[in-house]
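Me: I am learning to read protein models and would like to go through this one step by step. Please show me the sequence and the structure before we begin.

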Amino acid sequence: MNVHTMTAPADERYEPPRPFAEQANVSDPGIYEEFEDEWPDCWERAAALLDWHREHDRVLDDANAPFYEWFPGGELNAAYNCVDRHIEAGRKTQAALKWEGKRRETRTYTYQDLYGEVNEAAAALRDLGVEEGDVVTIYLPMIPELPITMLACARIGAPHSAVFAGFSADALATRMESADSEYLITCDGYYRRGNAFNQKSKADNALMALDREVTTVVVDRLGPDLDHGLDAGQYDYGELLFAHAGATVDPVPREAGDMLFLMYTSGTTGEPKGITHSTGGYLSYAAWTSRAVLDLEPEDTYWCSADIGWITGHSYTVYGPLALGTTTLLYEGTPDYPDRSRLWEIVERNAVDVFYTAPTAIRAFMKWGEEYPDGHDLSSLRLLGTVGEPINPRAWNWYREHIGGGDCPVVDTWWQTETGGMMVTTLPGVSSMKPGSAGPPLPGIGARVVGEDGSPVDPGETGYLVVDRPWPGMFRSLYGDDERYRDEYWEPFSEGDDWVYFSGDGAKVDEDGYITVLGRVDDVINVSGHRLGTMEIESAIVDIEGVAEAAVVGGDHERDGTAVHAYVSTDHSHEPSEALRERIVASVEEAIGPFARPEAVVFTPELPKTRSGKIMRRLLENIANQEPLGDTSTLRNPEVVGEIEATDDEL
Ligand code: WT7
């Protein structure tokens, strides 16, 4: 936990600007009490934001806790809710998706356009054999076909499993294998800093590693810039659409508890976890939080800069905003290409109303300087949000002042892949904001900070962030592994029938009930908003010939918050070398992807271990961050500490 970066002046706080509060979707502070009084029926308000094919019989069934059923008896279709009903409401010419490509191409899809392409894609997938319940893996960069094929899957009741395009072939293969997925949607390639990058060859390598027949659809992103051949079982997306021009497919009614999608995330073991989300609970919650926290209205142009390959993009680029009938913006590129004004130029040109990004991006903007945002008219912005990691007060203040012009509320939203939507944050039209603190739990959400024994900690003390009541957006389980779901998330803090969800985060709470999230307390690190399991990286390193042992920890990084630091010992027949260092980096990129690349590789004769033989990651983390080491007397080999420190200083 990077506690030292989180100190804010205790008294610093801002009230919601009055003009914002006056127009906000939620402006009555009484909402917190109402949700308490009505719980769980308060969640009717979330369900009411959707159109249901069949109304639910009850709000919550907890008979089989911690496997909760939200809105049992209810039936709905997510694509119908995100597309069709807005057309029926007379908004077919309104923009649904606006896409900003890397080469300054732009594309706008009205709700009518979106309806057309989602239907054609759904018809094509059906013809390829996709049936209700089949898992379709989507391995696409930030192009419109990513949300479109997600919605096409939702329309025919096929859960999608989107794998972030930056993942390696190995990582893709593991995820497809684990999800029993026989369908893949990918593309020829995409542009990276102006160069054509081949995505299909990565996908082909993954397919070779799988011993099952996979039907593949390939989107042509690069046209003549990259030739890609199609093998047997591979189809061109554009040709499929052409063959299904004008086709429509009835949205398949899904039970509220049916899986809408699964999303893999890293945990404390080497095995990634397939987080499964429901159709009714998840979509209601994504819509509700988009309305209450992001303050979205159909008239808004809204931009979440996260990649749709992660949960933030699922909930807050695709499902939440489209369920509300908003215009959602997709950007394919990076913030500094072709120049550092790119994002602000996009905000200005599209008159973006609400902007949601990650602290790592904000720290980069701050480092580049205010001249870039200052050169653009950002007055269309009404609200700013951040997500993914703790935000230090200095970055929070900079964001509010230089992007928000001082008159936009800033919501610091804590949540996770597992929670499906935001859990701890201020309501922008109601609550005062405290830089560096996410805020109180949202109305109806039982987020608490507790000690080892499960009882609440006193204000100012550090504890574990838990949630002591279910919520509609919660994951249903881990794909094919109910036991791990129970053991990892519910066992640590539950007692008897009092089920308590453990988030894996450490946190503090102040006198006003505001929660400051400190970071992971397990072996998961968060690198620029990407969650990585240290075990996954370590196993890629120990696979290399010559490596005896490896320990991976998070080291402080000015921009990314945390960077991957690997401590490695070699076996008796190998010496540390530059060549070995390069092999280590390459192996991590191959097993996971370039975003997991170690920033530092430190060779050490031995790793520090407890007497029982457990590697002391915490100690290495302190070394990486040049923090006091505390008591090292429980170490079996205390002398290695001095040796590692000496090597680390040379970095
Ligand atoms: C982890 C979840 C869901 C958003 C994208 C990441 C950290 C998330 C905050 C915040 C401090 C945060 C936590 C959490 N985190 N938001 N506002 N303040 N930390 O999703 O990959 O599932 O990672 O991100 O450590 O456990 P994820």
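Me: What are the helix and strand percentages of residues 94-476, and how far apart are the end C-alpha atoms?
Reply: This is a predicted model, in which local features need pLDDT of at least 70 and side-chain atom pairs count only at pLDDT 80 or more, while totals for chains, interfaces and linings use all residues. Residues are numbered from 1 along each chain as its sequence is written. UniProt, in an unreviewed entry, gives residues 94-476 the annotation "domain: AMP-dependent synthetase/ligase", and such positions are in the numbering used here, with feature names shortened and annotations that may be inferred rather than shown by experiment. Counting helices (H or I, at least four residues) and strands (E, at least two) as DSSP runs numbered from the N terminus, this span is 30% helix and 22% strand, with its end C-alpha atoms 34 Å apart.

Me: In what order do the 7 strands of the open sheet lie?
Reply: Two strands pair if DSSP finds at least two bridges between them, and the pairing in this sheet is mixed. One of its pairs is S18 (residues 354-357) with S19 (residues 383-387), parallel over 4 bridges, where Val354 has Leu383 as its bridge partner. The edges, each pairing on one side only, are S5 (106-110) and S20. Read across the sheet, the order is S5-S4-S17-S16-S18-S19-S20.

Me: At about what angle does helix H5 run to S5?
Reply: Axes are lines fitted to C-alpha atoms, for helices over the stretch in contact, and angles run from 0 to 180 degrees between N-to-C directions; contact here means that the C-beta atoms of two residues, placed from the backbone, lie within 7 Å. Helix H5 (residues 111-127) lies across strand S4 (95-100) and S5. Its angle to S5 is about 90°.

Me: What is the strand order in the open sheet of 4 strands?
Reply: The pairing in this sheet is antiparallel, and its edge strands, which each pair on one side only, are S21 (447-450) and S25. Within the sheet, 5 bridges join S22 (residues 462-467) to S24, and Val466 has Phe502 in S24 as its bridge partner. The order is S21-S22-S24-S25.

Me: Which residues are closest to the ligand?
Reply: A residue is near a molecule if its C-beta atom, placed from the backbone, lies within 6 Å of it, and 23 residues surround the ligand. Elements giving two or more residues to this shell include helix H11 (311-323) and strand S24 (501-509). The closest residues are Trp414, Gln416, Thr417, Val517 and Arg531.

Me: Which residue does a cis peptide bond join to Pro338?
Reply: Pro338 sits in the loop between strand S17 (327-331) and helix H12 (342-350). The omega angle of the cis bond is about 0°, and the residue joined to Pro338 is Tyr337.

Me: Why can the protein be called as compact as a globular protein of its length, and what is its radius of gyration?
Reply: The protein has 20 helices and 30 strands. The radius of gyration is taken over C-alpha atoms, and the globule rule is 2.2 Å times the number of residues to the power 0.38. For 651 residues that rule gives 26 Å, and the protein's own value is close to this, so it is as compact as a globular protein of that length, with a radius of gyration of 24 Å.
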